[in-house]
Amino acid sequence: MSQTIEAGATARARAHSNIALVKYWGKNDAVLNTPAVGSISITLDALYTDTRVTFRSGLTSDELQLNGCRENADTVTRVLDLVRNASATTLFAAVESANNFPTGAGLASSASGFAALALAATAAAGLTLTQRELSILARHGSGSAARSIFGGFAKMHAGTAADGSDSYAEQLLAGGDWPLTIVIAITEHGAKSINSTVGMGSSAASSPFYPAWLATAPGDLTDLAAAIAARDFERLGELAEYNCLKLHALMLTTRPALIYWNAATVATMHAVRDLRASGVPAYFTIDAGPQVKVLCLPADSAKVHAALLNVSGVLEVRHSALGPDAYRLD
Ligand code: PMV
């Protein structure tokens with residue numbers, strides 16, 4: 001049912017970032033922003049975005065302030081247009097968003113950002129959406145954002161429907177059902193060089209490995225979901241590392257090549273393998289950026305932290321437990 005938005009209507013929401021263990025790379029439909037493959041992620045307690053949306057009269061377009069700086073609002077408008085359609089309004093919105101971690105550096109700020117936007121914008125508009133509907137809305141901003149509506153372990157379905165209605169995430173387990181720690185080695189503070197939408201389009205168009213990436217994704221999803229259901233940490237870690245390296249093989253064979261790693265990224269991968277050889281179950285995963293996220297059991301996090309701090313080129317090490325669903329702050 002549609003709802004008219006009053007000028008000045010405002011709401012604030014927080015969503016946590018997530019990191020995929022079976023990753024999404026490639027799109028089915030660029031307009032609906034549906035992924036070519038499903039994915040499974042964990043939501044991170046320590047990294048989040050807070051977003052306020054205020055519908056105002058007198059604005060001639062949507063306005064975005066990110067960490068206090070004015071930014072291009074085109075992608076925000078894609079999400080807000082859907083909210084305006086559902087609310088029968090033409091009011092534009094002022095969006096104020098802040099991340100508590102580095103933006104655009106491979107720490108999934110678009111995931112937490114668009115999930116927080118979806119929740120804040122619909123709340124400001126007086127719409128009550130189910131988590132599935134919020135996940136679909138967030139997907140229009142960023143594919144990984146569909147997963148940040150949920151805490152703990154989330155699975156994104158690629159879907160097949162022409163309108164994207166079956167392309168959404170759902171929760172597999174809440175964070176408290178299987179506590180894990182993620183230790184993040186920050187190896188670079190700057191923003192990443194090639195954004196993921198451009199990168200994945202280029203992989204689909206040019207890598208000879210892309211058909212194999214599509215063909216093997218369903219098996220990885222089934223295996224990882226089974227490892228999560230069985231709380232089998234070694235199986236989960238081994239699969240996450242394998243899927244990450246498969247993604248980077250696809251990136252490296254894209255023309256021109258997508259090399260998101262730096263020297264410290266590679267050194268950290270070796271340090272994680274050395275930790276395992278010394279008896280500490282720890283596994284890495286890396287997205288479209290140079291940071292290395294290491295999965296371990298909470299009891300081993302101090303050992304993993306110390307090992308990562310020792311790697312030459314690692315600038316900072318952060319920790320996170322698994323985080324909650326996106327929620328409203330007001
Ligand atoms: O949602 P996007 O457009 O930021 O793309 C996410 C791509 C990866 O982080 C590399 C993988 C994933 O599934 O999150």
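1. Let's start with strand β4 and its neighbour β7 (residues 92-99): the two run antiparallel and are joined by 8 bridges. Strands here are DSSP runs of E with at least two residues, helices are runs of H or I with at least four residues, and both are numbered from the N terminus. Two strands count as paired if DSSP finds at least two bridges between them. Within this pair, arginine 56 stands opposite phenylalanine 92 in β7.

2. A quick word on what you are looking at: this is a predicted model, in which local features need pLDDT of at least 70 and side-chain atom pairs count only at pLDDT 80 or more, while totals for chains, interfaces and linings use all residues. Residues are numbered from 1 along each chain as its sequence is written, and side-chain values use heavy atoms, with hydrogens and water left out.

3. Which other strands pair with β4? Strand β1 (residues 10-22) does so in the antiparallel sense over 11 bridges, and alanine 13 stands opposite threonine 51 in β4. Strand β8 (residues 153-156) is also antiparallel to β4, joined by 4 bridges. There, serine 39 faces methionine 156 in β8 as its opposite residue.

4. Now look at how covered β4 is. Because 13 of its 18 residues are buried, β4 is largely enclosed by the rest of the structure. Buried means under 20% relative accessible area, exposed means over 50%, and partly exposed lies in between (1.4 Å probe, protein chains only).

5. Aspartate 50 is worth finding on this strand, β4 (residues 39-56). Is aspartate 50 buried or exposed? Aspartate 50 is buried, with a relative accessible area of 14%. Its side chain and that of arginine 14 are joined by a polar contact of 2.6 Å. A polar contact is a pair of N or O atoms within 3.5 Å; within protein, one must be able to donate a hydrogen and the other to accept it, and residues adjacent in sequence count only if both atoms are side-chain atoms.

6. Strand β10 (residues 181-186) makes a nice second example: 6 of its 6 residues are buried, so β10 is largely enclosed by the rest of the structure. In a regular strand the side chains alternate between the two faces of the sheet. In β10, Thr181, Val183 and Ala185 point one way, Ile182, Ile184 and Ile186 point the other way, and all are buried.

7. Which strands are joined to β10? Strand β12 (residues 292-296) runs antiparallel to β10, with 5 bridges between them; here isoleucine 184 has lysine 293 as its bridge partner. Strand β13 (residues 316-320) is likewise antiparallel to β10 and joined by 5 bridges, and isoleucine 182 has serine 320 as its bridge partner there.

8. Finally, visit the ligand. Of the 13 residues around the ligand, Tyr24, Ser142, Ser144, Arg147 and Ser196 come nearest; a residue is near a molecule or strand if one of its heavy atoms lies within 4 Å of it. Three serines are worth checking by eye. An N or O atom in the side chain of serine 142 is 2.9 Å from an oxygen atom of the ligand. For serine 196, an N or O atom of the side chain is 3.0 Å from a ligand oxygen atom. A polar side-chain atom of serine 110 lies 3.2 Å from an oxygen atom of the ligand.
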